[in-house]
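This report concerns the secondary structure and packing of one protein. The sequence and the coordinates are shown first.

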Amino acid sequence: MASFFIQQFGCRATQADGAALECQLLDRGCTPVTDPAKASIVILNTCTVTAAADAQARDAIRKLHTRNPAARLIVTGCYAQRAPEELAALPGVTHVVGNSHKPQIPDLITATLRPSPVGAQHAAPQLGTRPGPSRPGSPAHIFPPQHSSSLLPIANLAPDSAIPFHSFLTESVPTSRPAQILIGDIFANSELLSAPLLGGEAGHTRPTLKIQDGCNLRCSYCVIPYVRGKSRSLTPDAVIREIQNLAAVAQAFLPVRFSAPNPGQSPHRNSTSFEPALEGTKFTARETVLSGINLGTYGRDLTPRTNLLQLLRRILKETSLERLRISSIEPQDVTRDFVDLFASNERLAEHFHMPLQSGSDRVLAAMHRRYRIAHYARRVELIHDQLPHAAIGADVITGFPGETDADHQATISFIEQHPFTYLHVFSFSARPGTPAASLPNQVPARIIKSRARQLRALSDAKSAAFLRGQLGRQLRVLTLRRSEHDERNAVTPALSSNYLKLSVPGIHEPNQWFDVQA
């Protein structure tokens, strides 16, 4: 029986992809392991939002191959969709699978082990208008994009699937054959492709359900639309079914601790290693996170057309889920009716993450963002007026081409003046093929570094102020998985509705409610 280890980088949508992949592999009889050195299959789920994310993935590939040169190493995700040739050239990589075909990875393992007929030729795929992978002197086996018709929508992916899975253990890893590449035109994908979740995948107490993928916006710095495709949504009925299943007591999987990628080494920042769950235990998802690449556009592609607000109302009415949290949402999608719903129902987490990117209207225009500072400020004030204890987080990019000291100071001043809880600070990274990559007046790296440091210090100050404002409040928290540090100190980590991470005295199982005083 094949054993597998999954390591991933990136956003909640990527984490949801990885959890669905884990579920498919478990369904096919594969065994998850905590140590990549003991896996016959190693899967790396990549991010490509910045050059640093690319470098992190390449570094992880090298280390994983060094630890386990006999493993079949499959690289998938956004980096794989954007630059498959780069990844295929790395030692140890046996397969590169783009986002266009990620749901097929379990079936691909079977298909790619079958020898091709002598003399068989494969047409070179197209990724947008870019030619497919090409490496002189070492032609890879290419699956043309028309094979994407065999991708399965979520409605066809049931936990009792009988699709066969053949172990990698029956064949040794080729040392001279180049990596096989499977990519297709991501813009041809019209359905959201996923797999049903059982709950507890990736050791998460709070399952992430991806209900939307892709993006129709074209922010000048962002490569994600080109690797995720156009916006597409899971049908409301499918979302309701998934949440009903997650919220019901069922045979599923509970989390356990996982080991670091190397002995004595912490996991990569922004990466997750999937570890085995405890089979046959009872699991009820008490909190679920809805994720997407551009979550606020949910339902606009469906017939009949719907929206995120209508979906949230249905979830509250038709499921027993105790707490629902949303991931990042654009400020233009945070309407008064949207905030009213959150203020009127305690089952909705008091947590809003709205990308800001810059506090300068001039920079926002150059970024092709669809709001200006006054608009964003009204949304923050609307949330804070109705939910004064809500967590409000934001993404900020520093060092965008042409950003002046005055623009940077405008961002600092805007954040200082508004009740933010935390910031995710990104240094500008020129992504190939994006308009911002060719803009003049690129900001020197030393200035970007200085500005990022200043923003992170401000984020720490805002977080500390928010924490001080919560002291003495009664909060309902959900216990999470314990770390070794928690066990040494006899505490259990827990999360509140407004995204406060607290420590509950004593050793408790994850996924339990406690009422505590901050």
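The text below treats the overall make-up, then selected strands, helix pairs and one buried residue.

**Overall make-up**

The model is predicted. The protein contains 14 helices and 24 strands. Of its 518 residues, 56% are buried. Among contacts with a separation of 6 or more, 77% join residues that lie 24 or more positions apart.

**Strand β3 and its partners**

Strand β3 covers residues 41-46, and six of its six residues are buried, so the strand is largely enclosed by the rest of the structure. In a regular strand, side chains alternate between the two faces of the sheet. In β3, Ile41, Ile43 and Asn45 point one way, while Val42, Leu44 and Thr46 point the other way. Both sets are buried.

Strands of a sheet pair through backbone hydrogen bonds, in either a parallel or an antiparallel sense. Strand β1 (residues 3-9) pairs with β3 in the parallel sense over five bridges, and Gln7 has Leu44 of β3 as its bridge partner. The pairing of β3 with strand β4 (residues 72-77) is also parallel and runs over six bridges; here Ile43 has Ile74 of β4 as its bridge partner. Helix α2 (residues 51-67) joins β3 and β4 in a right-handed β-α-β unit.

**A three-stranded open sheet**

Another part of the model holds an open sheet of three strands in the order β10-β16-β17, with parallel pairing. Its edge strands are β10 (208-210) and β17 (323-326), each of which pairs on one side only. From one strand to the next, the twist averages 30°. Strand β16 (residues 287-291) pairs with β17 in the parallel sense over four bridges, and Glu287 stands opposite Arg323 in β17.

**Helix pairs involving α8**

Two packed helices are described by the angle between their axes and the distance between the axes. Helix α8 (residues 308-318) takes part in a crossing with helix α9 (residues 336-344) and in another with helix α7 (residues 236-247).

| Helix pair | Axis approach | Crossing angle |
|---|---|---|
| α8 and α9 | within 10 Å | roughly 20° |
| α7 and α8 | within 10 Å | roughly 40° |

The angle of roughly 20° falls under the 35 degrees that bounds the roughly parallel class, which makes α8 roughly parallel to α9. Their crossing is left-handed. On the α8 side the contact is made by Leu308, Leu309, Leu312, Arg313 and Leu316, and on the α9 side by Asp337, Phe338, Leu341 and Phe342.

By their crossing angle, α7 and α8 are oblique to each other, and α7 passes α8 in a right-handed crossing. This contact involves Pro236, Asp237, Val239, Ile240, Ile243 and Gln244 of α7, together with Leu311, Arg314, Ile315 and Glu318 of α8.

**Val227**

Val227 lies in helix α6 (residues 224-228). Its relative accessibility is 1%, so Val227 counts as buried, the cut-off being under 20%. Which residues is Val227 in contact with, leaving aside its neighbours within four places in sequence? They are Thr48, Cys78, Gln81, Arg82, Asn99 and Ile186. The C-alpha atom of Val227 is separated by 9.3 Å from that of Asp185, and these two residues are 42 residues apart along the chain.

How values were computed
Residues are numbered from 1 along each chain as its sequence is written. This is a predicted model: local features need pLDDT of at least 70, side-chain atom pairs count only at pLDDT 80 or more; totals for chains, interfaces and linings use all residues. Side-chain values use heavy atoms; hydrogens and water are left out. Buried means under 20% relative accessible area, exposed over 50%, partly exposed in between (1.4 Å probe, protein chains only). Helices (H or I, at least four residues) and strands (E, at least two) are DSSP runs, numbered from the N terminus. Two strands pair if DSSP finds at least two bridges between them. A crossover is right-handed if, with the strands pointing away from the viewer, the path from the first strand over the helix to the second runs clockwise. Axes are lines fitted to C-alpha atoms, for helices over the stretch in contact, and angles run from 0 to 180 degrees between N-to-C directions. Angles under 35 degrees count as roughly parallel, over 145 as roughly antiparallel, 65 to 115 as roughly perpendicular and the rest as oblique. A crossing is left-handed if the near helix is turned anticlockwise from the far one by less than a right angle, and right-handed if clockwise. Contact means heavy atoms within 4.5 Å.
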